[in-house]
Amino acid sequence: MSNLEDFTPQQTQDGSFTFFSKEFNEAFHSHYGAKQESLLKFVIPTQLPILAKTGFVRLLDICYGLGYNTAAALQTIWEINPHCHVEVIGLEINPAVPIAAITNQLFDGWDEKYIKHIKILTQIAFEHEVKIDHLQATLLIGDARSLISQVYESGFQADAIFLDPFSPPQCPQLWTVEFIKKVSECLDKNGLVATYSCAGAVRTALLTAGLVVGSTSPVGRRTPGTIAAYHQHEEKSSKSSFLALSPAEKEYLLTRAAIPYRDPTLRDSAEDILKRRQEEVQASSLESTSQWRKRWLKSGNHK
């Protein structure tokens, strides 16, 4: 388990800070802006500003990390409706990460009207539970593959799910068909799942779980994120942040790149999951990504 000294704050373009993970060899957020990433990749696409008006929001934050996504969600919800009741369940494998975010005072640079929420984030980080007026929050520590069953068995049905693991090549165990199926079982019939990834393997896993997928606007990079929901929700939300996949994106899901990660027992190592997928890709007769890209570049319609 990491020690607090393992975390060195790195400033991003919007002035907020993130950490770099030595274990996964990736930063927790993009250089574009950690705070903006939370808002534009997760909070806005899952329609939390709209849900806040209903007076009750249930949020499942997978890979809680520094706590930025939950922080941005609470700020957004309570700015719109200070009386909105929020239930949050966060899943995090490394309890040192949210503690380091508080210890390094990473939230001190957020706008002044947010300062009152730092006490909440501190309690989540150190005590893993908060019960106050308008908020019930729980941080579960452990492998999300085990914890997700615990969430489902509790009867929790999320209006919004933030799916925010490290990238699929670095953390494939949280992008598999089997794990995402478990995640979908914790989603309310009218809920939304948001993730920063537009990887074909990720979108295939979401589709396999019975969800429809769309794109969210790119944030700090050329590629979009992904939003997913049950069919009923998509039909009711034609004017929402749910952007239909382009023809190129749809055909990308027919290439080898869209072969998903698999973890039948939800216990395999990252190495085993990567090896299993690589073998499936090598044995596949599907179109290669390079062939798909050449075809769409030639047509002039690739995005």
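User: Happy to look at this predicted model with you! Of the contacts in the protein chain with a separation of 6 or more, what share comes from residues 24 or more positions apart?
Analyst: Glad to help! Here we take contacts in the protein chain with a separation of 6 or more, and ask for those joining residues 24 or more positions apart. The chain itself holds 12 helices and 12 strands, and 54% of its 303 residues are buried. The share of contacts you asked for is 70%.

User: How do the axes of α4 and α5 lie, and at what angle do they cross?
Analyst: Helix α4 covers residues 96-103 and helix α5 covers residues 118-127. Their axes come within 8 Å, and α4 passes α5 in a left-handed crossing. The crossing angle is roughly 140°.

User: Which residues meet where α4 touches α5, and how many of them are charged?
Analyst: On the α4 side we find Pro98, Ile99, Ile102 and Thr103, and they meet Leu121, Thr122, Ala125 and Phe126 of α5. Sorted by class, this contact has six nonpolar and two polar residues. The number of charged residues is none.

User: Let's move to the strands. Is β9 mostly covered or open, and how many of its residues are buried?
Analyst: Strand β9 runs over residues 158-163 and is mostly covered. It pairs with β5 (residues 56-62) in the parallel sense over four bridges, with Asp61 bridged to Phe162 in β9. As for burial in β9, the count is six of six residues.

User: What is the handedness of the route from β9 to β10?
Analyst: β9 and β10 (residues 187-195) pair in the parallel sense over five bridges, and Ala160 has Leu192 in β10 as its bridge partner. Between the two strands the chain passes through helix α7, residues 177-184. This β-α-β crossover is right-handed.

User: Which loop holds His128, and is this residue buried, partly exposed or exposed?
Analyst: His128 sits in the loop between α5 and β7 (129-132). Most residues other than glycine have a negative phi, yet His128 has a positive phi of about 70°. Because its relative accessibility is 25%, and buried needs under 20% while exposed needs over 50%, His128 counts as partly exposed.

User: And Leu266: where is it, and is it buried or exposed?
Analyst: Leu266 lies in the loop between α10 (247-252) and α11 (270-283). Its phi is positive too, near 55°, and it is a residue other than glycine. Since its relative accessible area is 16%, which is under the 20% cut-off, Leu266 is buried.

Technical notes:
Residues are numbered from 1 along each chain as its sequence is written. This is a predicted model: local features need pLDDT of at least 70, side-chain atom pairs count only at pLDDT 80 or more; totals for chains, interfaces and linings use all residues. Side-chain values use heavy atoms; hydrogens and water are left out. Axes are lines fitted to C-alpha atoms, for helices over the stretch in contact, and angles run from 0 to 180 degrees between N-to-C directions. A crossing is left-handed if the near helix is turned anticlockwise from the far one by less than a right angle, and right-handed if clockwise. Contact means heavy atoms within 4.5 Å. Ala, Val, Leu, Ile, Met, Phe, Trp, Tyr, Cys and Pro count as nonpolar, Asp, Glu, Lys and Arg as charged, and the others, Gly among them, as polar. Buried means under 20% relative accessible area, exposed over 50%, partly exposed in between (1.4 Å probe, protein chains only). Two strands pair if DSSP finds at least two bridges between them. A crossover is right-handed if, with the strands pointing away from the viewer, the path from the first strand over the helix to the second runs clockwise.
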